[in-house]
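User: I have a structure open and would like to learn how to read its features. Could you take me through some of them?

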Amino acid sequence: MALSETQKIELLAQLVAIKSVNGDEEKVAQFLQRYLADYWIKAQLVPVAKGRSCLVAKIGHGHPCLAVSGHLDIVLAEPAEWYSDPFTLTAKKDRLYGRGASDMKAGVAALVSALIALKQANEPKHGSLKLLLTVAEEVGQEGSRVLLEQGYLTDVDALLIAEPTNLELAYAHKGSMDIKVTSRGKSAHSSMPEEGYNALEPLIDFLYQTKQAFEKINQADELLGLASFNATVIKAGKQVNSLPAFAEAKINVRTTPLVDNQKVREILHLWKTKLNHTGAQLDLAIYLDQHPVKLASDSTLLKLACDLGKQYFHQEIKVIGLAPVTDASNLTQGKPTDFPLIIFGPGNKSVHQANEYVDKSQYLTFCELYPQLFTTYLAKN
Ligand SMILES: [Zn+2]
């Protein structure tokens with residue numbers, strides 16, 4: 001038997017009750033491993049770091065292999081800002097409130113529920129369905145990287161990510177880079193600047209020059225829009241009458257296929273080298289480097305999802321590009337440009353905020369839609 005409506009809501013409530021903030025996802029992975037085992041689905045935990053494991057499960061056999069994915073981590077919640085306890089799923093009218101309700105425990109629960117429904121119905125009869133639940137999506141994306149590096153994507157022919165898309169559907173999103181720039185100088189009394197080297201000056205110059213160079217090459221992608229480059233953190237100096245010996249800045253860049261990570265890396269290295277030639281001691285660390293994703297806009301999977309979405313939700317499913325990065329950045333690496341990827345899941349724009357919620361009816365409808373989408377896709381390909 002597939003899960004009942006009550007069981008589906010209960011599953012979501014159990015997931016929300018586990019505080020799987022980024023860095024502490026083990027318990028939710030273990031819970032789901034036990035949960036799936038009750039329905040004769042063997043799931044494997046893939047360790048990423050201490051207290052962090054991804055979960056992988058597969059039903060059916062051979063190709064095509066459709067992977068369906070979601071992340072187990074959530075962002076922090078400040079209970080004082082909430083009307084109800086963020087870790088107790090709370091129903092009000094058609095809304096279910098809780099941290100992760102939208103991003104993305106509803107997506108994870110709907111995938112798990114779909115897997116159970118298919119397994120119980122002896123599906124898929126053709127091809128296989130692979131569940132990939134990751135850790136660290138909100139910060140770092142180490143989970144999806146480990147799955148990629150350990151070969152869990154090798155046999156995958158198509159991918160659905162159940163991130164909340166507000167009843168729209170995406171096949172593309174921007175990339176993201178986090179960069180730390182440090183500058184070393186020599187401290188001196190500000191009345192005798194010739195005795196020292198102000199570490200802040202080349203850093204400011206670097207931020208200015210790289211931003212100018214970036215804007216020169218920036219151009220709009222028809223789906224994703226403009227790339228962006230923002231210095232977001234700067235630290236230097238201890239007191240007003242002393243030259244700082246050290247300065248540090250952080251930059252976040254959102255890339256597109258037209259203005260990609262490689263082009264940004266070139267600008268950063270060019271200006272680091274130029275300024276270091278004039279006496280600066282700048283150093284760069286690119287500590288997040290997620291590529292933009294833009295795959296097939298006309299895949300069977302995408303068309304099928306739009307058709308079923310219209311049928312189940314009685315509205316057109318608009319195809320969009322997403323601004324935030326997802327695990328697709330790692331999970332689709334090395335795949336051909338016509339690889340079918342869709343991002344389509346329950347939830348809305350209340351993510352990362354107090355009083356995050358998912359519409360109960362929307363969540364339950366996705367629990368119905370997914371099994372049909374998965375079996376129809378696998379049978380057709
Ligand atoms: Zn998410």
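Analyst: The turns below go through a metal site, a helix, some backbone angles, a loop residue and a pocket. Keep in mind that this is a predicted model.

User: Which protein atoms are the donors of the zinc ion?

Analyst: They are H71 (NE2), D103 (OD) and two OE atoms of E163, lying 1.9 to 2.7 Å from the zinc ion. Along the chain the donors follow the spacing H-x31-D-x59-E. H71 is in strand 3 (residues 65-71), while E163 is in the loop between strand 7 (158-161) and strand 8 (168-173); the pair is 92 residues apart and links distant parts of the chain. Both H71 and E163 are buried.

User: Why is the arrangement around the zinc ion irregular?

Analyst: The angles decide it. Four donors count as tetrahedral if all angles lie between 85 and 135 degrees. Here the four donor atoms subtend angles of 52 to 145°, which makes the arrangement irregular.

User: Is helix 3 enclosed or exposed?

Analyst: Helix 3 (residues 101-120) has 18 of its 20 residues buried, so it is largely enclosed by the rest of the structure.

User: What should I look for in the backbone angles?

Analyst: Start from the usual case: most residues other than glycine have a negative phi, and most peptide bonds are trans. In this model, the peptide bond from D103 to M104 is cis, with omega near -15°, and M104 lies in helix 3. Another cis peptide bond joins E123 and P124, with omega about -10°; P124 is in the loop between helix 3 and strand 6 (128-134).

User: Which residues have a positive phi?

Analyst: Among them is N122, which follows helix 3 and has a phi near 60°. K93 has a phi near 55° and counts as exposed, at 84% relative accessibility. L167, with a phi of about 60°, counts as buried at 12%.

User: Where is S20, and what does its side chain reach?

Analyst: S20 sits in the loop between helix 1 (5-17) and helix 2 (26-37). Its relative accessibility is 1%, so S20 counts as buried. The side chain of S20 reaches the backbone oxygen of L72 at 2.7 Å. Leaving out residues up to four places away in sequence, S20 touches E25, V28, L72, D73, I74 and K105.

User: How is a pocket found, and what is the volume of the largest pocket?

Analyst: Rolling a probe the size of a water molecule over the atoms shows where empty space is left. The largest pocket has a volume of about 730 Å³. Its lining has 28 residues, of which E137, E138, P324, V325 and H352 lie nearest the centre. Strand 14 gives the largest share of that lining, three residues.

Note on methods
Residues are numbered from 1 along each chain as its sequence is written. This is a predicted model: local features need pLDDT of at least 70, side-chain atom pairs count only at pLDDT 80 or more; totals for chains, interfaces and linings use all residues. Side-chain values use heavy atoms; hydrogens and water are left out. Helices (H or I, at least four residues) and strands (E, at least two) are DSSP runs, numbered from the N terminus. Buried means under 20% relative accessible area, exposed over 50%, partly exposed in between (1.4 Å probe, protein chains only). A polar contact is a pair of N or O atoms within 3.5 Å; within protein, one must be able to donate a hydrogen and the other to accept it, and residues adjacent in sequence count only if both atoms are side-chain atoms. Contact means heavy atoms within 4.5 Å. Donors are N, O and S atoms within 2.8 Å of the metal (3.2 Å for Na, K and Ca); water is not among the atoms, so sites may look incomplete. Four donors count as tetrahedral if all angles lie between 85 and 135 degrees; four count as square planar and six as octahedral if opposite donors are over 155 degrees apart and all others between 65 and 115; anything else is irregular. On a 1 Å grid over the protein atoms alone, a cavity is a set of points where a 1.4 Å probe fits but cannot get out, and a pocket is an open set with protein on both sides within 12 Å along at least five of seven lines; lining residues have an atom within 4 Å of a point. Grid points are joined across faces, edges and corners, and a volume is the space filled by probe spheres set on the points.
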